[in-house]
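Work through the three exercises below with the sequence and the model in view, and try each task before reading its solution.

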Amino acid sequence: MVSYMVRIQPILLQQPREQALIVDQVPHSSDTKLALHECDLRDLKAVANFAQTFKEKHRQIDLFIGNAGVLHPRDSWTDHAAVDGMNVNVVAHAALIEILRPVLARDHRVLLMGSCCSHACLATNRIKTDSSFLYDAHGPYQAYAFSKLLLAVYGEMHAQSMHITHPGATLCVVHPGVVPSALYRKTNPLTRLAIGYMLPLIARSAEDAAILSLHTAFREDVKSGLYFEDGQPTSVGRDLEKATKMAIMVNVKKGVMITCDPAMQKLLVHLDETRALGSQFIVKELDETHLIVDKDIVPTIEAKIDELMEQMNPEATEK
C-alpha cells in the first residue's frame, strides 16, 4: 500500500522490535507516506486522548483496520489480564471508531480482524444486558474466543448504525485463516509446537493473509456487517437474539477502568449500592484500587467527589 503512495498511520504499543520491523519492510523514498503512532490499547483513556488528538490533525480516514489482538498466558491470568485483553481485542477498536467518526470518509471501509475460535465460544448463556459479562471469562482461551465473538457482533450491529451518517461506508469482520504469528507465543507447549512447526507447512503465510484481508475490504460486492472466513461470508453468533446483540453493541462502548485508593473505592461502591448518582454504575470490581465503571457516569462521579471534598473541607473552598 505504501508503494501506491497510500498514507498509512499504524498505531503501535511502544515496542522497538515491531516498529523496526515495519520500517525495514517499507520501501524508502522521499514520498513515503508512513507515520508511526504509539498508544497503549489497554488504557482506554489513552486511546480516547490519542483519537481526539489524531482527529484534530487529520481531515479524513478512508480505511480503518483493527488488527490488534492479545492472548494472555494462563500462568499470569488475572482480572486485570481479562480487562486488558477485552480492551485490546474489542473495546479499543470500538472507541477509536466512535471517536474518529467525524473524520471517517462517507464511503470509508472498516476492516476488523476476527477469529474462527469465535464459533467455539459457548457464550450465549453468559451474555446479559449489563456490562459485567465483558470481563467474566474464566481463562485466557475462553476470554480470547469470547472477545472475538463480541467483535463480530459489534461489527454487525455497528454496520447497521453507519448507514445513517455514512451511507456509502462498509464494515466487515475478517478471519483470513489461521496464520502463524506472535499471538500464540505464550500458549502451552503443544500449541506452540503446532503453530510454530506444523502449521506453516499447511497454513497460508502472513503476507497472503494480509492480501486476502485487504481484498475482502475493497470488494465491491461486500455487504456491510458480514463476517468473512477465507474470503467467504459466514455466520457467527447465529443463536444470539437481536436484543442480545444490541446489548453487546451498547456495552462494548460502555466501560472504562478507573484507579483510586482503597478508601475512595469504598466510597464509590457505597454510591453505587445506594444509587446516589441516580443508578448503579460499577461494571466490575477488579481489586481494592481498580474499578470498571460506566464511562458516561465519570463526569458525574467527578462532580460528586468534588462536592463531598468541599463539604469535608469548607475552609479550603472559601480561600
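A nonpolar core is a set of buried Ala, Val, Leu, Ile, Met, Phe, Trp, Tyr and Cys residues joined through side-chain atoms within 4.5 Å. The model examined here is a predicted one.

**Exercise 1.** Describe the protein chain as a whole before turning to its parts.

Solution. Begin with the secondary structure, where the chain has 10 helices and 10 strands. Next take burial: the chain has 319 residues, and 44% of them count as buried. Then turn to the surface, which comes to about 17500 Å² of accessible area, with 54% of that belonging to carbon and sulfur atoms.

**Exercise 2.** Find which residues have the most contacts inside the largest nonpolar core.

Solution. The largest core has 41 residues, and those with the most contacts inside it are Leu41, Val47, Phe64, Leu96, Leu100, Leu112 and Leu171. At least two residues of this core come from each of helix 2 (44-57), strand 3 (61-66), helix 3 (79-99), strand 4 (104-113), helix 4 (140-165) and strand 5 (170-175). A second core, separate from this one, has 13 residues, among them Leu277, Ile282, Leu291 and Ile301. As a last step, look at leucine 171: leaving aside neighbours within four places in sequence, its contacts include Val110, Leu112, His158, Met162 and Leu226.

**Exercise 3.** Decide whether tyrosine 197 is buried or exposed.

Solution. First locate tyrosine 197, which lies in helix 5 (residues 189-198). Its relative accessible area is 63%, and exposed means over 50%, so tyrosine 197 is exposed. Finally, Tyr197 joins Leu190, Leu193 and Met198 in a nonpolar surface patch, with about 500 Å² of accessible area together.

Conventions: Residues are numbered from 1 along each chain as its sequence is written. This is a predicted model: local features need pLDDT of at least 70, side-chain atom pairs count only at pLDDT 80 or more; totals for chains, interfaces and linings use all residues. Side-chain values use heavy atoms; hydrogens and water are left out. Buried means under 20% relative accessible area, exposed over 50%, partly exposed in between (1.4 Å probe, protein chains only). Helices (H or I, at least four residues) and strands (E, at least two) are DSSP runs, numbered from the N terminus. Contact means heavy atoms within 4.5 Å. Patches are made of residues with over 30% relative accessible area and no salt bridge: like charges are joined within 9 Å, nonpolar side chains (Val, Leu, Ile, Met, Phe, Trp, Tyr) within 5 Å. Accessible areas come from the Shrake-Rupley method with a 1.4 Å probe; for residues, only the protein chains shown count as cover. A salt bridge is a side-chain nitrogen of Lys or Arg within 4 Å of a carboxyl oxygen of Asp or Glu.
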